[in-house]
Structures are given as C-alpha cells and as structure tokens.
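Open the model in your viewer and set it to cartoon. Keep a selection box at hand. Where should the tour begin?

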Amino acid sequence: MITSVSNSRVKQVVQLNTKSKARRESGLFTAEGLKLFREVPKQWVDSVYVTESFAKEHREMLRGIDAELVDDKVFAKMCDTKTPQGILTVIKIPSYRREDLLGNGKTPFLMVLEDLQDPGNAGTILRTAEGAGVTGVILSKKTVDLFAPKTIRSTMGSIFRMPFVVEENLSEALDWLKLQGVETYAAHLKGQHSYSEEDYRKGCAFLVGNEGNGLTEQLSARADHLIRIPMEGQVESLNASIAAAILMYTVHAQRNGCSSPRER
C-alpha cells in the first residue's frame, strides 16, 4: 500500500493532473471515478489506484486487475476532485490520423474547434458529438487540453470513443477536408441563411470558435458557407457548446429523416 505523498507514483499522478507538459511528455492522463474506469478500453490502461475501502467494496470487479492500494489521505492528494470515489486510472493518450475522422464508411460529419479555452465547453462538445453521430473532431493547437481532468470529466467517457486530431494549421486542415468532399460551415453574424435552411446530408464540418472572440476572420473566410443561428431579444450569441449542440443535432435530425432543409 502507498502511504506517503512523497511516493514517486503519487508525484507522477499529481503532475499529470496539473501540468499539460507532463501529460504530453509521458503520453499519459488521469481519469477519476468508476464510470470512466469501466469505459476506458483496457489496452489504454497504464495503472490503477484504489483506496482500501473501495477495494473491499468492489473486490469482484477488481479481480484480475493489478490495482495499487493507496491510503485514503494520500489518495485524496492524488485526485483533482474534492470528493474522490476511491478509484483513479492512469491512461495512455490515444493517437489518431486525419483519415480516422471520416467515419469509416459513414458520411463524414466533423466538428472543428478553434482556440476554445473552457474545459467544460470542450468536453461537453465531445460528449454531444458522440450522441449526435459526429465522426471526428479537429482542434487547433491553442484549444484547451482535452486531457486536463476537468475536460475528461465533462466528456463523460466520450473521450474514449471520439476520434480527434490536433492541428498546427486549421486552414490546411480545411483544405484537406475540401479534398475529401466535406463542406464546411461557420456560424457567423454575416451568415446569409439560417442554420436550419442548409442541407447537411452530405459530408459536412462545423467551425466553432473561441468563447470570447468567436472564429477568427481568417478561418471564417475559409468556410464554404456562413450560417447564422437566429436570436430573439437582446441576446448576441450562445454558449459555444450550446451552439455546437444545436448544429450537431440538426445534422442528426436530417440524416435520420426527422427533418429536411427548407426549400429556397
């Protein structure tokens, strides 16, 4: 049993929780809780830490798993949450290619995230993306780290199933999408048509920008279509994850025969 906060493995976990550089250099990240432990692909698991009380309560579930016992007080130091559940998994960061985002035979449906900074927004978009049938996510290098603990919790396990790539240059990524026959849509105040008037039944990708500044003009100019989400009252814009959800589920509805774009 690990009983000291000076233990090298405890220090490693703390570093993985707090520093993106540590995650990047080690190729590892952490996930707290039973739900994420159950959903992570077993081949991604590097190590598992549990409290003694958790091990006793879940003895059958942990049978055959090389889990390290940790003193409760030390375990609390290893966790990012205030009320740990008693199990923490250290996981290998997955790697994907651009081609993995195209749906493996499905009609491509992607989200492109430019410089999002809020972990909750990024994680919620990934979670919603899985639910709406998105085939992959492209992120700018300045977007919040997907493997920060808060982001991981917000994905609710979708991080294990949603292919993604981080791009140095999003404009180049849009060029590649065009070569794949994927049309790009940017929600923009200058959008000529409402988002509900477009046809998304062919390959498509939505561009979502930074919470405070929106999409850069450079990236908006590269989009094939500028669309708008109509606003009532004095509201100027929606939360990034809410706007993304509206767009994603419009595609889901069209592709499942629940609605069709308006005739123009």
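The stops below go from the sheets to the pockets and the cavity. Keep in mind that this is a predicted model.

**Stop 1: the seven-stranded sheet**

Start with the open sheet of seven strands. Its order is β7-β6-β5-β10-β8-β11-β9, and the pairing is parallel. Which strands form the edges? Select 164-167 for β7 and 193-194 for β9: each of these edge strands pairs on one side only.

Stay with β9 and add residues 225-228, strand β11. Two bridges join β9 and β11, which run parallel. Show Ser194 and Arg228 as sticks: Ser194 stands opposite Arg228, which belongs to β11.

Next, select 240-255, helix α10. Which strands does α10 lie across? They are β5 (109-113), β10 (204-208) and β11. Look along β10: α10 runs at about 170° to that strand.

**Stop 2: the four-stranded sheet**

Move to the open sheet of four strands, ordered β1-β4-β2-β3. Here the pairing is mixed. Select 28-32 and 67-70 to pick out the edge strands, β1 and β3. Each has a single partner strand, so one side of each is left without a neighbour in the sheet. Direction ignored, neighbouring strands of this sheet are turned by 25° against each other on average.

Now trace the pairings across the sheet. Strands of a sheet pair through backbone hydrogen bonds, either parallel or antiparallel.

- β1 with β4: antiparallel, over five bridges. Pick Ala31; its bridge partner in β4 is Thr89.
- β2 with β4: antiparallel, joined by five bridges. Pick Val50; its bridge partner in β4 is Ile87.
- β2 (45-51) with β3: parallel, joined by four bridges. Pick Val48; it stands opposite Ala67 in β3.

Select β4 alone, residues 87-92. Is β4 largely enclosed or largely open? Five of its six residues are buried, so β4 is largely enclosed by the rest of the structure.

Add residues 8-18, helix α1. This helix lies across β1, β2, β3 and β4. Its direction is at about 90° to β1.

**Stop 3: the largest pocket**

Turn on a surface. The largest pocket has a volume of about 740 Å³. Centre the view on Ala187, His188, Gly214, Glu236 and Ser237, which lie nearest the pocket's centre among 28 lining residues. Four elements give two or more residues to this lining: β10, α9 (217-222), β11 and α10. Which of them gives the most? That is α10, with four residues. So the helix from the first stop returns here. Colour the lining by class: 14 residues are nonpolar, 10 polar and four charged.

Stay in this area and select Ser220, found in helix α9. Is Ser220 buried or exposed? Its relative accessible area is 5%, and buried means under 20%, so Ser220 is buried. Show its contacts as sticks. Leaving out residues up to four places away in sequence, Ser220 touches His188, Leu215 and Leu226. His188 is also one of the residues nearest the centre of the largest pocket.

**Stop 4: the second largest pocket**

Go on to the second largest pocket, with a volume of about 520 Å³. It is lined by 21 residues. Select the ones closest to its centre: Arg24, Asp145, Phe147, Phe164 and Val166. Then colour α2 (20-26), β6 (136-140) and β7, since each supplies at least two residues of the lining. β7 gives the most, with four residues. This is the edge strand at 164-167. By class, the lining has 10 nonpolar, five polar and six charged residues.

**Stop 5: the cavity**

How many cavities of 30 Å³ or more are there? The count comes to one. About 40 Å³ of space lies in it. Select Thr30, Ala31, Glu32, Pro149, Ile152 and Arg153, the residues that line this cavity. β1 and α7 (149-155) each supply at least two of them. The lining divides into three nonpolar, one polar and two charged residues. Ala31 was met before, as the residue paired with Thr89 in β4.

Terms used: Residues numbered from 1 in each chain as written. Predicted model: local features only at pLDDT ≥ 70, side-chain atom pairs only at ≥ 80, totals over all residues. Heavy atoms only, no water. Pairing = 2+ DSSP bridges. Contact = heavy atoms within 4.5 Å. Axes fitted to C-alpha atoms, helices over the stretch in contact; angles between N-to-C directions. 1 Å grid on protein atoms, 1.4 Å probe; cavity = no way out; pocket = protein on both sides within 12 Å on 5 of 7 lines; lining within 4 Å. Points joined across faces, edges and corners; volume = space filled by probe spheres on them. Nonpolar A, V, L, I, M, F, W, Y, C, P; charged D, E, K, R; others polar. Buried < 20%, exposed > 50% of the residue type's maximum accessible area, 1.4 Å probe, protein only.
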